[in-house]
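Q: Could you walk me through this structure, starting with one residue and then moving outward?

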Amino acid sequence: MLNTDFGELLYTHLEERSFNNVFDHLCTDKNYQKALSIEHQFLDQYNALDLTIEQRAVIDEWVSSIQATNAAYSMVVFRLGMQNSFLLMKELIGL
């Protein structure tokens, strides 16, 4: 077992990052950029459709419900990930 302070290791890793905000991470993430490009293509197609106001409202509500579901799912996964990280840190500190 290495005799390394976990807090120091984490601090060193955070200091070595070239940026520390979500926007910069998203700008450099290839998967996010690809998904964003596809989203823009579909938005252009959606805007080009000849839909009534009522039809657009139904589609907009549907998209909003999908986004809300995805956001809730992401938060649950994030919380579980954080909980597991803290449990792992607690176990590592106990060693």
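Q: Which helix is phenylalanine 86 found in?
A: Phenylalanine 86 belongs to helix H4, residues 53-94, where helices are DSSP runs of H or I with at least four residues and strands are runs of E with at least two, numbered from the N terminus. This is a predicted model, in which local features need pLDDT of at least 70 and side-chain atom pairs count only at pLDDT 80 or more, while totals for chains, interfaces and linings use all residues. Residues are numbered from 1 along each chain as its sequence is written, and side-chain values use heavy atoms, leaving out hydrogens and water.

Q: Is phenylalanine 86 buried or exposed?
A: In between: phenylalanine 86 is partly exposed because its relative accessible area is 48%, given that buried means under 20%, exposed over 50% and partly exposed in between, with a 1.4 Å probe and protein chains only.

Q: And how many helices and strands are there?
A: The protein has four helices and zero strands, running α-α-α-α from the N terminus.

Q: What share of the residues count as buried?
A: Of the 95 residues of the protein, 1% count as buried.

Q: Changing topic, which helix has the lowest mean pLDDT?
A: Among the elements, helix H1 (residues 6-16) has the lowest mean pLDDT, 67, and helix H3 (residues 30-48) the highest, 95; pLDDT is the predictor's confidence in each residue, from 0 to 100. For the protein, the mean pLDDT is 86, and 84% of residues reach 70 or more.
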